[in-house]
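Work through the exercises below with the coordinates open. Each one gives a task and then a solution in steps.

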Amino acid sequence: MNFNEVYNNYNIDDRYDDLIRESEKELSELFRLHEEISEFNQLKVMKAFNENSLRSSDFFTATGYGYADTGRDTLEAIFSSIFKAEDSLVRPSIVSGTHALSIVLFSLLNYGDKLLSITDDPYDTMQQVIGIAGDKKGTLIEKGVLYDKLDLDSDNKIQYDKIKEKIDENTKVILIQRSTGYTQRRAFTIDEIEKAVKEIRKVSKDVIIFIDNCYGEFTETKEPIEIGADIVAGSLIKNLGGGLAVTGGYISGRKDLIEYCANTLTAPGIGKDEGLSFGTNRLVVEGLYFAPHVVKEALKVALLFASVFNKLGYEVTPKLDDPRSDVILAIKLKDPEKLKTFCKAIQEACSVDSTFVPEAYPMPGYEDPVIMAAGGFVEGATSELSADGPLREPYMAYLQGGLNYYHGKLALKIVLNRFSKNNFL
């Protein structure tokens, strides 16, 4: 087979093929590890489908209040099984991961309660929800919620020995952000989160431990509820959507906490009993079916980019020998033009809107202009191949997704050729 004929359509040559092949050979054991994790999680999903008696009738569309939306109830039971949770809220009316997280915080925190983040300040959009960035109305701080954080140490690790110093009588919720966000640290592993949970429980049995699980689902064989967290939340168009879910978010955890969240999403007295799934049940369930495989493919794409860019002298996070607990790869480019070129090359490789040219612009929830390459079948679905980054030092490119490895490999070749033409390599 003459692959060069295909690659010539993208105006790329084979000058980096040996480098890519060398990386693939070196990554074979890591690829095998993620194949095993994917198989484990696939069996977990199938078990959840079977024990909750998923039926074709669950894909029918209800109307009105949604009382007859049995598929919605089955879907939420499936999520509870997968996450080992007492209850779950899985709805298309949750518009993003930030919305899911916001619902949890506004549901569980009242005037005078304190939110403590032990993984430093959270992701940019959550800073505006809390009220420590931007000037938006209706933030947690505006409503009288207190906020404090525990900085990470010099190695970007959780300061376990200082957790107890931060917890006081007002501390109601402790937030742990699993993924890297727009930082230069790697994601925290389930083992690291479990260690934090144990330290928290030495101080308080009652404080609510809340995990921002975005980008982390199915990257390991356990999820945070299994190691003692009380509640988790995330988006359906990231890992769990499998490239098929068109919108939505989820919240899983203790039944009493989910009731608070449901009452915030709808109204007290209505809770989970109403709310249409708008015909999305089949797409969410089918996406969930594919999710373990898609997450594995995304991790392989990230590993290949990490290996090649590392060989070319770029700093990557996580490092190749670091444990992985989310699908994000951060590449430190140190140059705004390199960041722009990287994102434009990824856009060129996208399955949809490949002719678009991304430009940095102000985005809701962010303090700095963000350049974003995202051309997928579902708008904004980072389970699909995408890359973005804020235009601020050190100009990090954050690569996510890839529904299949071969697409990611093509994207890497396009990026390398565009970098070469701009004398960045």
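**Exercise 1. The second largest pocket**

Which residues line the second largest pocket? Give the volume, the contributing elements and the class make-up as well.

Solution. The model is a predicted one. Step 1: the lining consists of Phe3, Val6, Tyr7, Asp17, Ile20, Arg21, Glu24, Tyr406, Lys409, Leu410 and Lys413. Step 2: assign these to elements; α1 (3–7), α2 (17–26) and α12 (405–421) each give two or more residues to this lining. Step 3: sort by class, which yields six nonpolar, no polar and five charged residues. Step 4: the space in this second largest pocket is about 250 Å³.

**Exercise 2. The largest pocket**

Describe the largest pocket by volume, lining and class.

Solution. Step 1: the volume of the largest pocket is about 1,200 Å³. Step 2: its lining has 50 residues, and those nearest the centre are Ser96, Thr125, Met363, Tyr366 and Met372. Step 3: at least two lining residues come from each of α5, α6 (124–130), β10 (370–374), β11 (386–390) and β12 (396–400). Step 4: by class, the lining of the largest pocket splits into 23 nonpolar, 21 polar and six charged residues.

**Exercise 3. Enclosed space**

How many cavities of 30 Å³ or more are there? Characterise each.

Solution. Step 1: the count is two cavities. Step 2: the largest cavity holds about 60 Å³ of space. Its lining is made of Arg72, Leu75, Val90, Arg91, Pro92, Leu236, Thr247, Ser277, Thr280, Asn281 and Val284. Two or more of these residues come from each of α4 (70–83), β1 (87–91) and α10 (281–311). In class terms, the lining of the largest cavity has five nonpolar, four polar and two charged residues. Step 3: the second largest cavity holds about 30 Å³. Lys238, Asn239, Val294, Val295, Ala298, Val327, Thr382, Ser383 and Gly401 line this second largest cavity. Four of its lining residues are nonpolar, four are polar and one is charged.

**Exercise 4. α5 against α9**

Classify the packing of α5 and α9, and list the residues in contact.

Solution. Step 1: two packed helices are described by the angle between their axes and the distance between the axes. Step 2: for α5 (residues 97–108) and α9 (residues 255–265), the angle is about 105° and the axes are 8 Å apart. Step 3: angles of 65 to 115 degrees count as roughly perpendicular, so α5 and α9 are roughly perpendicular to each other. Step 4: from α5, His99, Ile103, Val104, Ser107 and Leu108 meet Leu257, Tyr260, Cys261, Thr264 and Leu265 of α9. Step 5: the contact of α5 with α9 has seven nonpolar, three polar and no charged residues.

**Exercise 5. Two partners of α10**

Repeat the analysis for α10 with α2 and for α10 with α12, adding the handedness.

Solution, α2. Step 1: the axes of α2 and α10 are 9 Å apart, at an angle of about 120°. Step 2: α2 and α10 are therefore oblique to each other. Step 3: the crossing of α2 and α10 is right-handed. Step 4: Leu19, Ile20, Glu22, Ser23, Glu24 and Glu26 of α2 meet Leu304, Ser307, Val308 and Lys311 of α10. Step 5: this contact has four nonpolar, two polar and four charged residues.

Solution, α12. Step 1: the axes of α10 and α12 cross at roughly 25° and come within 9 Å. Step 2: that angle makes α10 roughly parallel to α12. Step 3: the crossing of α10 and α12 is right-handed. Step 4: the α10 side of the contact is Glu297, Lys300, Val301, Leu304, Phe305, Val308 and Phe309, and the α12 side is Tyr405, Gly408, Lys409, Ala411, Leu412, Val415, Leu416 and Phe419. Step 5: the contact of α10 with α12 has 11 nonpolar, one polar and three charged residues.

**Exercise 6. Backbone geometry**

Is the peptide bond from Thr317 to Pro318 cis or trans? Treat Pro394 and Phe278 too.

Solution. Step 1: the Thr317 to Pro318 bond is cis, with omega near 0°; Pro318 sits in the loop between β8 (315–317) and β9 (329–332). Step 2: the bond from Glu393 to Pro394 is cis, with omega near 5°, and Pro394 is in the loop between β11 and β12. Step 3: Phe278, although not a glycine, has a positive phi of about 55°. Phe278 belongs to the loop between α9 and α10.

Key. Residues numbered from 1 in each chain as written. Predicted model: local features only at pLDDT ≥ 70, side-chain atom pairs only at ≥ 80, totals over all residues. Heavy atoms only, no water. 1 Å grid on protein atoms, 1.4 Å probe; cavity = no way out; pocket = protein on both sides within 12 Å on 5 of 7 lines; lining within 4 Å. Points joined across faces, edges and corners; volume = space filled by probe spheres on them. Helix = DSSP H or I, 4+ residues; strand = E, 2+ residues; numbered from the N terminus. Nonpolar A, V, L, I, M, F, W, Y, C, P; charged D, E, K, R; others polar. Axes fitted to C-alpha atoms, helices over the stretch in contact; angles between N-to-C directions. Parallel < 35°, antiparallel > 145°, perpendicular 65-115°, else oblique. Contact = heavy atoms within 4.5 Å. Left-handed = near helix turned anticlockwise from the far one by under 90°.
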